[in-house]
Amino acid sequence: MSFRKNISYALFPLTLWYAVGVRFRNLFYALGIKKQEAPHITTIGVGNLSTGGTGKTPHVEYLLRLLADRYPTVMLSRGYKRKSKGFVLDDGSHDAALLGDEPAMIAHKFPQVQVAVCEKRVEGVKRLMALSNSSDQSDQSDQSEKKASPQLIILDDVFQHRAIKPSINILLTEYGHPYYNDHILPYGDLREFKNARFRANIVIVTKCPANLNPVERHNILHDLRLQNYQKVFFSYLKYGALQTLDGKAIDIDLRHVDNILCVTGIAHPEPMLAELRRHTKVQHLPFSDHHDFSSGDIARIKETFAALSGSNNLIVTTEKDAMRLHDKIDSLPVYVLPIEVAFHKENDKDFDTLIEASVHENISFLSKLSIWS
């Protein structure tokens, strides 16, 4: 029996207490005892039932690429493991300590998008909607374009944040770790019961194979056990060419590299490792998700890299880990492997078309509503 299973069985009594707490919390929202707000602005929530690893950030980026050039857009996140508190709006510094690694990465990659963090999403949305009326806007004329009143807010990791009701609620579940094969914490990895899936308008099965077997797709659809009003899509990851830590493309043929030391602080690095191992030998140095690299960790990375055989070796890490490594590691060949999301095409459904139509309709409705209110 695995160590994880031993721990899970030992913690089973705690699972019962956790489950009771989740039941009562959702019941209070259902009865209106705890209030849920639907902001007077178009919002897209992206979240999951599990504790992590479903690929929220690449899907948030996909939505930003699809929509941010058409509408003034904000990405609002909790800012996990940041060193700040309360509402923080990126000032152009893309500081991971203030924003968290993922929001800082998005701020760096999408300069046309405002990025903010706030533990309380309702408060964060209200602060963002008031930006156009803020008294300090005139003092930051260079940021005037970014501080335009938003029409669209992308809410990252918000599925369990019941105080806010997104206009479009997207639930992610990983192909290799679907919610229907999991259990509630701490016995499993689910943050709430599987029937919470019915709150989603759209369900995306993430990290699928690039060539998904139609029979397997049919079986997954059956096991998801969704309702007719819910749309289902299947996505997979595409890896780009290596980049420097500051995001500049670099031409390196991995087939000619002797060894790669892959340094990760993410929940499920298996797809990345599989991609790198297609080209050359890989040694993996894993850290916990959102790990804050210490001087001891940097020394360990350098020591492990120095011990690799061969003379043409590289260190490869993820985009979000690069946000926490770029000012701590030097004199080593460290590169970033970028990823993007792609969707399997369906005969009668297209993710882009559905999202674009829903957002346009919602923004138009709210615009007309504001005229008559």
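Against which strands do the buried residues of α6 pack? In this predicted model, the buried residues of α6 pack against β2, β3, β4 and β5. Helix α6 spans residues 121-129, and its buried residues are Arg 121, Val 122, Gly 124, Val 125 and Leu 128. Because these residues cover an arc of only 160 degrees around the axis, they lie on the same side of α6.

Of the strands that α6 packs against, β4 comprises residues 114-117, and its side chains alternate in direction: Gln 114 and Ala 116 point one way, Val 115 and Val 117 point the other way, and all of them are buried. Strand β4 is paired with β2, residues 73-77, through four bridges, the two strands running parallel, and within this arrangement Ser 77 is found opposite Val 117. Strand β4 is also joined to β3, residues 88-89, in this case by two bridges and with the strands running antiparallel; here Leu 89 has Ala 116 of β4 as its bridge partner. The two bridge partners named in β4 thus belong to the opposite-facing sets, since Val 117 points one way and Ala 116 the other, although both are buried.

Backbone geometry in the loops was examined next. Asp 157, which is not a glycine, nevertheless has a positive phi of about 55 degrees, and this residue is placed in the loop between β5, residues 152-156, and β6. A positive phi is likewise found at His 290, again not a glycine, with a value of about 60 degrees; His 290 belongs to the loop between β10, residues 281-286, and α9, residues 295-306. As regards solvent accessibility, Asp 157 is partly exposed, its relative accessible area being 25%, whereas His 290 counts as buried because its relative accessibility of 8% falls under the 20% cut-off. A further backbone feature is the cis peptide bond from Leu 185 to Pro 186, for which omega is near -10 degrees; Pro 186 is located in the loop between β6, residues 168-174, and β7, residues 202-206.

Concerning the confidence of the prediction, the protein chain has an average pLDDT of 90, and 91% of the residues score at least 70. Over residues 135-146, however, the pLDDT is below 50, and this stretch has ten contacts in the model beyond near neighbours in sequence.

Terms used:
Residues are numbered from 1 along each chain as its sequence is written. This is a predicted model: local features need pLDDT of at least 70, side-chain atom pairs count only at pLDDT 80 or more; totals for chains, interfaces and linings use all residues. Side-chain values use heavy atoms; hydrogens and water are left out. Buried means under 20% relative accessible area, exposed over 50%, partly exposed in between (1.4 Å probe, protein chains only). Two strands pair if DSSP finds at least two bridges between them. pLDDT is the predictor's confidence in each residue, from 0 to 100. Contact means heavy atoms within 4.5 Å. The arc is that of the directions from the helix axis to the C-beta atoms.
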